[in-house]
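Subject: Structure handover

Hi,

Here is the structure I promised to pass on. Please open it alongside these notes.

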Amino acid sequence: MTDPHSAHEARDRRDAELAVLPTRANPAHVAYSCDNCGHWQRWFAATPPPLCPVCADVRNELPRDGFTFRTAAEVDRLVTTSWREAVPGVTEFYSDPDIGLGSHGWVLETDSGLLGFEATGWYSQDALAELRRRGGLSALASSHVHGFGALWQLQDELDPPVLAVGVDDLPWTKAFRVTYPADETLLLAKDVTLHRTGGHFPGHSVLHDAGRGLLFCGDSLKIDLHPDGSARALSAHKAFHAQIPLSRRELSHMREIVGALSFDTVFSPFEFAAGVTTAHVVALIDHMLSRPPSAAPVPMDELRPATTVLA
């Protein structure tokens, strides 16, 4: 028979131990950015990482002459961070010059405070000061590793209580601590929900802002733009550089999830375009399902909006 006093004592010891566990990375470990793709890793201070797991993955290209890495201090000396209003209620943060793949960070105004989705590759002190001036971040989330950017830096500096990534993509999150592993859906703020689409990565997720009709699509879509910023073509892929298409099952799942969301503006980790609607994306997927697998872009004028959309 269990002694209830012993059980209570064991629970109290466990709670005390959890209370002193570190919530941030070990300060003895250094953040390194891959010169090729920009992916950040925590590694030992005495030596850079042996390789970049993102570049070594089939979805990205290897560097031409081997791996090289920069520390946060080195990146800070080279990069300027800027921000601007993308659409009302959404601020775009971006780095100049681009770091690696050149991801941008989106900050949404919500009833619960500022919500960060994806991240640019570096946040200068003035960019961090701007986020602090606006009240900090109530939550962070990302579609998948190609949009992570410097999420680790935002967590270290601003300490939002929620950092959400699809649970199937946890192997890529060594640079930061995921506080809310997401399953199929996760409500992050009023009318703002994370939905797992899979496909490009197993845990790949999109963020839907139902109130404003916005879809933060991650790499479920690639948007080719005209010089004026309007959408020229759409595509979807398992691997862009290698031009590996999505499977029919993956496309059908994406159609089921994204076709049920209402939006008229789409944001990837790299750009955004007004006028890309649910019907355009459903038409793209139907186009892809009607022919042999391909990751080629389809011009917007060939994506005639369907008369019905999945409900």
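One contact to look at right away: the charged end of Arg 84 sits over the ring of Tyr 94, 4.2 Å from the ring centre. Keep in mind that this is a predicted model. Arg 59 also lies over a ring face, that of Phe 201, at 3.7 Å from the centre.

Now the aromatic pairs. The count comes to 15. One of them joins Phe 93 and Tyr 123. The rings are tilted, with 45 degrees between the planes and 5.8 Å from centre to centre. Phe 93 belongs to strand β5 (residues 90-96), while Tyr 123 is in the loop between β7 (113-117) and α4 (125-133). That puts the partners 30 residues apart, so the pair links distant parts of the chain. Phe 93 counts as buried because its relative accessibility is 0%. Tyr 123 is buried too, at 2%.

Another pair is Phe 117 with Phe 216. This one is edge-to-face: 70 degrees between the planes, 6.0 Å between centres. Phe 117 lies in strand β7 and Phe 216 in strand β14 (residues 214-216), so the pair ties together parts 99 residues apart in sequence. Phe 117 is buried at 0% relative accessibility. Phe 216 is buried at 0% as well. Both rings belong to a cluster linked by ring pairs, together with Trp 106, Phe 267 and Phe 272.

For the overall picture, the chain has 7 helices and 19 strands. Of its 311 residues, 51% count as buried. The accessible surface comes to about 14,700 Å², and carbon and sulfur atoms hold 53% of that.

Best wishes

Key: Residues numbered from 1 in each chain as written. Predicted model: local features only at pLDDT ≥ 70, side-chain atom pairs only at ≥ 80, totals over all residues. Heavy atoms only, no water. Helix = DSSP H or I, 4+ residues; strand = E, 2+ residues; numbered from the N terminus. Buried < 20%, exposed > 50% of the residue type's maximum accessible area, 1.4 Å probe, protein only. Areas by Shrake-Rupley, 256 points an atom, 1.4 Å probe, with all protein chains shown as cover. Phe/Tyr/Trp six-rings, centres within 6.5 Å; stacked < 30°, edge-to-face > 60°. Lys NZ or Arg CZ within 6 Å of the ring centre and 35° of its normal.
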